[in-house]
Every structure is written in structure tokens, then in C-alpha cells.
Amino acid sequence: MVDASALESVLKEIEHREGVHEAMLVSLAGTYLAGAYPKGVHVDTFGSMFAVLIGSAETVTAELKDSLEHVVIRSKESQYLIVHGGRKALLVMRLPVGTDPLRVKNAVEKYVPRLEGHL
């Protein structure tokens, strides 16, 4: 059973300690589980598109006999870092422009076991 309150607490900690604008957890099927997302977005569509994107990226890397580490989406006003939040979920983070996604990825790895424990 998902402990939404505990997940929210860990995601807020990630935002506060790692300089992330918003941190959200999405199931591998694309269902919103917990966390913050930009105002004005339809959360179900927003979350499911990250799952589709990761699924596509994993297919590409599998064809190359490689494994996916993370995906970065960059736009003019922000960037998103998507990593696995355990075996059952994706951790989606909106980062300030200019932030090093690899630094954030390495910094948030310590939170993944805690997230996974509440799924």
C-alpha cells in the first residue's frame, strides 16, 4: 500500500535540500502518486507522458544492449530530470535552468530507498 504522506515528506525534502523546483513521483504506468507539479497542467496527462518517455528511452537503450540511467528534458524556461524512483516508480524533478542534472541525479540517489519503502 502506498504511503502518500510519507512520499510527500521525502519529495519535499528533495526539493528543499537539493534545489529542485518540484519533485513528483509517477508509477511506471504513468499514474500520479505524490509530489508537486506545475500549476495549470493536467496531472494525469503530465505524469503519463513521463512514463511513455522513459519507456521509449528504455526501448532505445535495450536495442543498443545498454541500460538507461536518466532522461533530461530541456526547454527555454526549465529542465526536467527523470530517474527511477525504485522498481515501481519514476522520480520526476523540475530543475532551475543551468543546474547540472548529473549532480542532482547523484544527490537524489540516497532518497530512492526511502521512496521505494513507501510504495
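This is a short chat about the sheet, helix packing and nonpolar cores of a predicted model.

Reader: Let's start with the sheet. What's the strand order?
Author: The order runs E2-E1-E5-E4-E3, in an open sheet of five strands with antiparallel pairing.

Reader: And which strands sit at the edges?
Author: Strand E2 (32-35) and strand E3 (71-74), each of which pairs on one side only. On average, neighbouring strands in this sheet are turned by 20° against each other, direction ignored.

Reader: How many bridges between E4 and E5?
Author: Six, in the antiparallel sense. As for tyrosine 80, its bridge partner in E5 is arginine 94.

Reader: OK, helices. Which strands does H2 touch?
Author: Helix H2 (residues 43-63) packs on the sheet and touches E1, E2, E3, E4 and E5. The direction of H2 makes about 65° with that of E4.

Reader: Switching to the inside: which residues have the most contacts within the largest nonpolar core?
Author: Leu11, Ile14, Leu25, Leu91, Met93 and Leu115, in a core of 19 residues. The elements giving two or more residues to this core are helix H1 (4-18), strand E1 (22-27), strand E4 (79-84), strand E5 (89-95) and helix H3 (101-108).

Reader: Any other core, and what's in it? Which residues, I mean?
Author: Another core, of 12 residues, lies apart from that one, with Ala57, Tyr80, Ile82 and Val92 among them.

Reader: Back to leucine 11. What is it in contact with, leaving aside neighbours within four places in sequence?
Author: Leucine 11 is then in contact with Ala23, Met24, Leu25, Ala34, Gly35, Leu91 and Leu115.

Notes: Residues numbered from 1 in each chain as written. Predicted model: local features only at pLDDT ≥ 70, side-chain atom pairs only at ≥ 80, totals over all residues. Heavy atoms only, no water. Core = buried A, V, L, I, M, F, W, Y, C linked by side-chain atoms within 4.5 Å. Buried < 20%, exposed > 50% of the residue type's maximum accessible area, 1.4 Å probe, protein only. Helix = DSSP H or I, 4+ residues; strand = E, 2+ residues; numbered from the N terminus. Contact = heavy atoms within 4.5 Å. Pairing = 2+ DSSP bridges. Axes fitted to C-alpha atoms, helices over the stretch in contact; angles between N-to-C directions.
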